[in-house]
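Here are my notes on this one, jotted down as I went through it. Have the viewer open while you read.

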Amino acid sequence: MRFGAAISSFLLHLCVAALVYFGLPSFFEPEFDMTQSIAVEIVTIADISNPPPPTPAPKSEPLDKAEIPPPPEPLPEPVPPEPEAVPEPPPPAPEPEPEPEVVAPLPEPEPEVIEPPAPPLKPQRLAALDVEPPPTPPSKPEPPAEKQQFDTLLKDLTESAPKPRASEPELTQAAPTPSTVTTARDEPLSMTVSDSIRRQVEDKWNVPAGALEAGDLDVEIAISLLPDGTVRKAEIVDRARMFQPGEEYYRSMAESALRAVLQASPLRDLPPDRYEDWREITFRFRPPV
Amino acid sequence: MSQMKRLLGLVVFASALWCAGTMAAFAELKIDITRGSVEPMPIAVSRFVGSGAEQATGADLARVIASDLERSGLFSPIDDKAFIQRPEAIRGAPRFGDWRQINAEALVSGVVERQTDGRIKVTFQLWDVFAEQQMVGLIFRAQPSAWRRVAHKVADQIYKRITGENGYFDTRIVYISETGPATKRIKRLAIMDQDGENHRFLTNGDHLVLTPRFSASAQEITYLSYFQNQPRVYILHIDTGQQEVVGNFPNMTFAPRFSPDGNKIIMSLSKEGNSDVYTMDLRTRRVKRLTDHLAIDTSPSFAPDERYIAFNSDRGGSQQIYVMDSDGRNVKRISFGNGRYATPVWSPRGDLIAFTKMHKGKFYIGVMRPDGKGERLLASGYLVEGPTWAPNGRVIMFFRQTAGGGNDPGTVKLYSIDLTGYNEREIVTPAEASDPAWSPLIP
């Protein structure tokens, strides 16, 4: 009897122990799952506050354009010919002028066919029409920057994944860069505001294809805005570099950047009470790395 | 002493404070722009103003300029029906607001006049519509019949001023025109302007001709002809029609190409089933052997600085691209991808080598850097071959043959594609066409 009780007690304990051993863990399993590491992506605030990449919108709605008031302070460029204007690049420019003095006659492959020999084309620089300002003295050399890669923009049939066509070309869907924003005040302008400004300018920037593989091409555009967001003045900061020989890509970049800023005028969604904070903006255009 | 120190510390602290204050006052909002798009630039090409007979010329000029720009893929000319300001009203002072309203970013205006000496004077101006200033202004003078070249030169100027790259519109293309059935194919040398105009044949089709290439002056063509059933390299002077054989070799010579300075021809010479790369100096007629290998070495192409030569060889077991010094030393293989590589062509800019690649029964046109890195495939097809560079090194022309099948023998046509890989265009020719060669800018 006692022996039987001992046996049944032993069995019962065994059962309980087995139950605890095999059964309980399954209750806790979900909890173990919970403790598995969760992928956390650390992003800067600017990334989060960035508006999502736009669906390729039509370049701009005509209405917008129509609203662009003429800049109150027109660029001091005399539209009528300026007699004393100087040819844009300094004389030692490497480019030969569009054409040597006289063009050799167009080659005539079939001599038996009588055709007037091709006429000489003699282009000449329109000194009187050229309103480009004379080159200013060389500016400080830009520090060599790391080579920009535009591979995202270039098609390669080796890759099976279809890349965005040029018609829907968001340059940096792959690599969004956090915006660099600093303000004068203790409380910085809200990220949303500067991101919104950034987005408005990016929407208008058409990167010159010629500059795709060129290296150090950062361009700074300094603008001042009217309280209604209209671009009152926009300047290429390192303007002198544009007229140096061999800087044709920089000039294309600088001009495209200037166009982007002017096209974005008037900038929208600016807090009126913080006018002092956004009255002066410096944009740094750099092709995506 | 310690008082001094304390005073100094105070001064430093104060000046630091002051600095911080002024910095803050001058600091401004800085925003990085790192995204953009690559879209064709909307450009308005206004009819060039002319009176009398020049009125039609003015319209023709604008049409040819706009179509040159459009074909480049970098510009999208705006339909002139949308223009608000009339050409006559521009006269050196566009109303920029009118052009902004139709989304033009750049504007081309011009005037064409007849001079007393019978020539035409074409004045053109390129305007930045948003910056509201002239970007370039030039005058060209020419015989009225040369208006097309004037238009191409104007387009070259616009392209160059806006993209920073040299233009390539005032160029010509020589190619092999193909007619007749496959068994009785007639191949003729033909030449035309880059836009397909002014087409004409240079040979009559009595002999098979292949692989034409331009000289640096665009005045001569070197090519392979089977004259009297003997394949030899010839030079043809385009303006005189004169032909000469390059060196009197007892064996077959093929795959010729001019050196960039135009003084040498580089080609393959075949002897007893083996071929090697040779150059011949056109002035001294001296022949120099550059490779000496049992393998087949062919398709040589000089780098623009003439310091290196790219060629293809099967010395490694399969056809691959090699680069060597111009004296034949330091042979290095540069192609290491899958498949076979052939017909390397060095870009006039020197930064890339175009090639044909065969892989898994398909042909590709691609580019790689001279060190073999950065390979990208731009175009593909059943058969694509014969890459040739536009003089600015941004566009490649090639030919593509379709597979055909049954009664369809397939067709062969010319195409161009730019380095981004997106802008592929057919080059329309009167008959079927292969083996194109792009001229340098016509002097």
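**Notes on the sheet, the core and the domains**

1. Start with the sheet that takes strands from two chains. It is an open one of 4 strands, ordered E3(A)-E2(A)-E4(A)-E1(B), with mixed pairing. At the edges stand E3 (231-236) of chain A and E1 (29-33) of chain B; each has a single partner strand, so one side of each has no neighbour in the sheet. From one strand to the next, the twist averages 20°. Bear in mind that this is a predicted model.

2. Now look inside the sheet. E2 (residues 219-225) and E4 (residues 280-285), both of chain A, pair in the antiparallel sense over 6 bridges. If you want a residue to click on, try Ser224(A), whose bridge partner in E4(A) is Glu280(A).

3. What lies across E4 of chain A and E1 of chain B? That would be helix H4 (residues 191-204) of chain A, which runs at about 45° to E1(B).

4. Chain A as a whole has 6 helices and 4 strands, and along the sequence they follow the pattern α-α-α-β-α-β-β-α-α-β. Of its 289 residues, 28% are buried. Take the contacts in chain A with a separation of 6 or more: residues 24 or more positions apart account for 76% of them.

5. Next, the largest nonpolar core, which has 155 residues. Those touching the most other members are Ile221(A), Ala257(A), Val261(A), Ile43(B), Leu61(B) and Ile65(B). Helix H5 (residues 248-264) of chain A gives the largest share of this core, 10 residues. Domain 1 (41-163) and domain 2 (172-438) of chain B both contribute residues too, so the core lies between them.

6. Val261(A) is worth a closer look. Setting aside neighbours within four places in sequence, Val261(A) is in contact with Val201(A), Ile221(A), Ile223(A), Val231(A), Ala234(A) and Phe283(A). As a general backdrop, nonpolar side chains tend to be buried together in soluble globular proteins.

7. Finally, the two domains of chain B. The domain assignment gives domain 1 (41-163) and domain 2 (172-438), and their C-alpha centres lie 36 Å apart. Their contact takes 5 residues from domain 1 of chain B and 5 residues from domain 2 of chain B. On the domain 1 side, the largest share, 3 residues, comes from helix H2 (residues 54-71) of chain B. What classes of residue does that side have? The side of domain 1 of chain B that touches domain 2 has 2 polar and 3 charged residues, and no nonpolar ones.

Note on methods. Residues numbered from 1 in each chain as written. Chains lettered and ligands numbered in written order. Predicted model: local features only at pLDDT ≥ 70, side-chain atom pairs only at ≥ 80, totals over all residues. Pairing = 2+ DSSP bridges. Axes fitted to C-alpha atoms, helices over the stretch in contact; angles between N-to-C directions. Contact = placed C-beta atoms within 7 Å. Buried ≥ 20, exposed ≤ 12 C-beta atoms within 10 Å, placed from the backbone. Domains from an automatic or database assignment. Nonpolar A, V, L, I, M, F, W, Y, C, P; charged D, E, K, R; others polar. Core = buried A, V, L, I, M, F, W, Y, C linked by C-beta atoms within 7 Å.
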